[in-house]
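Me: Please take a close look at one part of this model, a helix and the core beside which it is listed. I would like the terms defined as you go.

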Amino acid sequence: MATLLKAQTSNAAKADKKRKRTADAMDVDDDASLQIQPKRKKNKQRVMLLSSRGVTHRMRHLMNDLETLLPHVKKDAKLDSKNQLHLLPELADLNNCNNTLYFEARRHEDLYLWAAKTPNGPSIKMHVQNIHTMDELKMTGNCLKGSRGLLSFDKAFDDSEWGRLTKEVFTHIVEKDPLKPNGPPETSLVEIGPRFVLTPIRIFEGAFSGTTVYSNPEFISPAAVRSAIRREQGSKYGQRKHAEQDSQRRKELRKLEEDELAVSKVFA
C-alpha cells in the first residue's frame, strides 16, 4: 500500500511539472504573439494615363508605349475640354490613382505633357518634341508586361531646385522592386524606346493648378516660333517684291534714255 501511494505521488509530481512546462511554453507563445511585427511598407503607386481630344496617330502611339512601360497604369477616356483640368484630380481619385500623366494636344501638331501627383500636387507642364515610337526605332530589346522600368538622371538635376523636384515626381511614378534576399542579379541595359524630348515650362504647387513654383524663362511656344518663321518668310517675300519693282523702274528709265538718244531724234 505504501509503495502504491509513493508511485501515485511521484506520478502526480511529474504531471505537475509537465503542466508547469506547458504553461511556461504557453506564456512564451503569448508574449511572442503580443509582439507586433512591423509591416513592410509597400510603394503603392498607380498612374492614370489619358489625353485630350485632337491627338494624332504619333501621339497615340507614344501613349501606348508609355502604357507598356509603366506598371499599374490605368488608361482613362479622353478629356473633352482643355479648360477642365480641375477635373483630373477627381478622375484620378475615382480610379484609385495617386499619379497622373495627361497629354494635351493643340492644333493637331503641338503636344504637352502634364505630370502630377494627385490630389495635392505638385504638377509639371512640359513640351514634348522629337517623338520616336518603339515601332519606328525597331530596337533589339523588349519590355515584359508588368516589368519595372529604370530611370537614369543626369547629375545636373541635383544642381537646381526645379531639377530635384522633377526628379522626385518621376521617381514616385516608377514602381520600385522589392528587396531580394540574395542580392540583385547582374543586369545589362538595352534601350527599347521610345525617344522624345521634354522641355519644362512651368511647375505648379498644386495638381494642375496653384501657385507657379518655377517658370522657364527660355521657353518659347511653338506657335510663337511658327509666327516668327512666317514673318521672316513674309519679309523675304516683301524684299523680293521691292527688288522686282526697283528692277522694273530701272528698265523704264533705261528705255526713256534710249528713246531720247534715238537716231531719229538726234539727227532730226
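Reply: What follows treats helix 2 and then the nonpolar cores.

The model is predicted, so local features need pLDDT of at least 70 and side-chain atom pairs count only at pLDDT 80 or more, while totals for chains, interfaces and linings use all residues. Residues are numbered from 1 along each chain as its sequence is written, and side-chain values use heavy atoms, without hydrogens and water.

Helix 2 covers residues 57–69 (helices are DSSP runs of H or I with at least four residues, strands are runs of E with at least two, both numbered from the N terminus). Its 13 residues should span 18 Å at 1.5 Å a residue, and the end C-alpha atoms are 19 Å apart, which agrees; the expected span is 1.5 Å times one less than the number of residues. Buried in helix 2 are Met 59, Leu 62, Met 63, Asp 65 and Leu 66 (buried is under 20% relative accessible area, exposed over 50%, partly exposed in between, with a 1.4 Å probe and protein chains only). Viewed down the axis, these buried residues fall within an arc of 160°, so they line one face of helix 2; the arc is taken from the directions from the helix axis to the C-beta atoms.

The largest nonpolar core has 24 residues, and Leu 101, Phe 103 and Leu 111 touch the most other members (a core is a set of buried Ala, Val, Leu, Ile, Met, Phe, Trp, Tyr and Cys residues joined through side-chain atoms within 4.5 Å). Helix 2 is among the elements that give two or more residues to this core, as are strand 3 (99–106) and helix 5 (161–173). A second, separate core of 13 residues includes Met 48 and Leu 88.
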